[in-house]
Amino acid sequence: MNESIIDYSGYFQFPGLTALFTKNSYPFSPPEDRLELTKIAGFSSDRLVIPKQTHTNHVLVVDEPAFLPDTDGVITNKRNLILSIQVADCIPVFIADKSTQTIGLIHAGWRGVTNGIILETLNKLESLGTIFNNTQVLLGPSIRKCCFEVKEDVLNHFPTEYRNTDDQGRYWIDLQSMVVDQLIGRGILGKKIADVHQCTKCKNDQFHSYRQEGVSAGRMVGLMAIN
Ligand SMILES: [Zn+2]
């Protein structure tokens with residue numbers, strides 16, 4: 001595999017499953033980048049699902065290639081359909097249930113999470129018959145509590161248990177813990193949730209970070225498919 005691409009496929013122990021994530025050294029020029037990435041992954045680029053992400057809690061079950069407006073999570077139980085998302089600080093959430101051959105890929109930023117995108121995803125998975133006891137989840141590189149400093153406008157959306165503060169009254173949010181708690185609260189087993197523990201702002205040498213680079217920040221692409 002290209003050294004600009006991280007391969008998470010092995011974590012899932014799911015024959016035929018591909019789960020990839022690009023680093024900042026991957027040339028990003030959407031949507032052409034995803035076409036190239038699908039070829040590298042060994043899939044046909046005309047099988048792509050591309051959501052137009054808008055920080056919503058909108059999750060769609062898809063069964064054919066599509067460009068989806070106003071969508072931040074995609075799920076499928078079809079083979080040879082390539083789910084994709086893009087992120088730069090928000091959490092890329094990879095989900096797979098081998099027993100029902102179902103996969104999901106979620107763009108989980110603070111707006112999506114506080115508006116329930118994780119719970120919405122699990123509701124949709126349940127409607128497809130997904131077995132939560134068997135479901136594996138991986139949280140990819142994203143901004144963490146070391147760097148996710150917020151002001152009151154954002155802070156007020158979060159329960160106190162996910163807030164960290166210092167003696168100068170500054171606040172940081174632990175978004176990953178909130179996501180993990182929501183997953184476990186809904187029936188996903190803690191031992192089947194993996195967190196890569198990589199902060200995109202701390203590791204800006206490897207990843208794009210909106211907080212570090214500002215509006216001109218590039219994006220990483222997450223891709224997931226079953227062949
Ligand atoms: Zn950090």
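Helices and strands are taken here as DSSP runs, with a helix needing at least four residues and a strand at least two, and they are numbered from the N terminus. With that convention in hand, threonine 200 can be placed in the loop between β14 and α7. The structure examined is a predicted model, and a good place to start a tour of it is the metal site.

The zinc ion has four cysteine donors: the SG atoms of Cys146, Cys147, Cys199 and Cys202, lying 2.3 Å from the metal. Angles subtended by these four donor atoms run from 103 to 118°, so the arrangement is tetrahedral. Along the chain, the spacing of the donor residues reads C-C-x51-C-x2-C. Cysteine 146 sits in the loop between β10 (135-139) and β11 (149-150), whereas cysteine 199 belongs to the loop between β14 (193-195) and α7; the pair therefore ties together parts that are 53 residues apart in sequence.

How buried or exposed are these two cysteines? Cysteine 146 has a relative accessibility of 46% and is therefore classed as partly exposed. Cysteine 199, at 4%, counts as buried because the cut-off for that class is under 20%.

The loop between β14 and α7 also holds threonine 200, and this residue has a relative accessible area of 0%, so it is buried. The side chain of threonine 200 makes a polar contact of 2.7 Å with the side chain of aspartate 89.

Attention now turns to the pockets. The largest one has a volume of about 600 Å³. Its lining comprises 25 residues, of which His55, Ala88, Cys90, His107 and Arg219 are the closest to the pocket centre. Several secondary-structure elements contribute to this lining: strands β3 (48-51) and β7 (82-87), together with helices α3 (110-114) and α7 (210-213), each supply at least two residues. Sorted by class, the residues lining the largest pocket are 14 nonpolar, five polar and six charged.

A last stop is asparagine 164, which is found in strand β12 (residues 163-165). Its relative accessible area of 32% makes asparagine 164 partly exposed, since that class lies between the 20% limit for buried and the 50% limit for exposed residues. Asparagine 164 and leucine 20 are separated by 144 residues in sequence, and their C-alpha atoms are 31 Å apart in space.

Definitions and conventions:
Residues are numbered from 1 along each chain as its sequence is written. This is a predicted model: local features need pLDDT of at least 70, side-chain atom pairs count only at pLDDT 80 or more; totals for chains, interfaces and linings use all residues. Side-chain values use heavy atoms; hydrogens and water are left out. On a 1 Å grid over the protein atoms alone, a cavity is a set of points where a 1.4 Å probe fits but cannot get out, and a pocket is an open set with protein on both sides within 12 Å along at least five of seven lines; lining residues have an atom within 4 Å of a point. Grid points are joined across faces, edges and corners, and a volume is the space filled by probe spheres set on the points. Ala, Val, Leu, Ile, Met, Phe, Trp, Tyr, Cys and Pro count as nonpolar, Asp, Glu, Lys and Arg as charged, and the others, Gly among them, as polar. Donors are N, O and S atoms within 2.8 Å of the metal (3.2 Å for Na, K and Ca); water is not among the atoms, so sites may look incomplete. Four donors count as tetrahedral if all angles lie between 85 and 135 degrees; four count as square planar and six as octahedral if opposite donors are over 155 degrees apart and all others between 65 and 115; anything else is irregular. Buried means under 20% relative accessible area, exposed over 50%, partly exposed in between (1.4 Å probe, protein chains only). A polar contact is a pair of N or O atoms within 3.5 Å; within protein, one must be able to donate a hydrogen and the other to accept it, and residues adjacent in sequence count only if both atoms are side-chain atoms.
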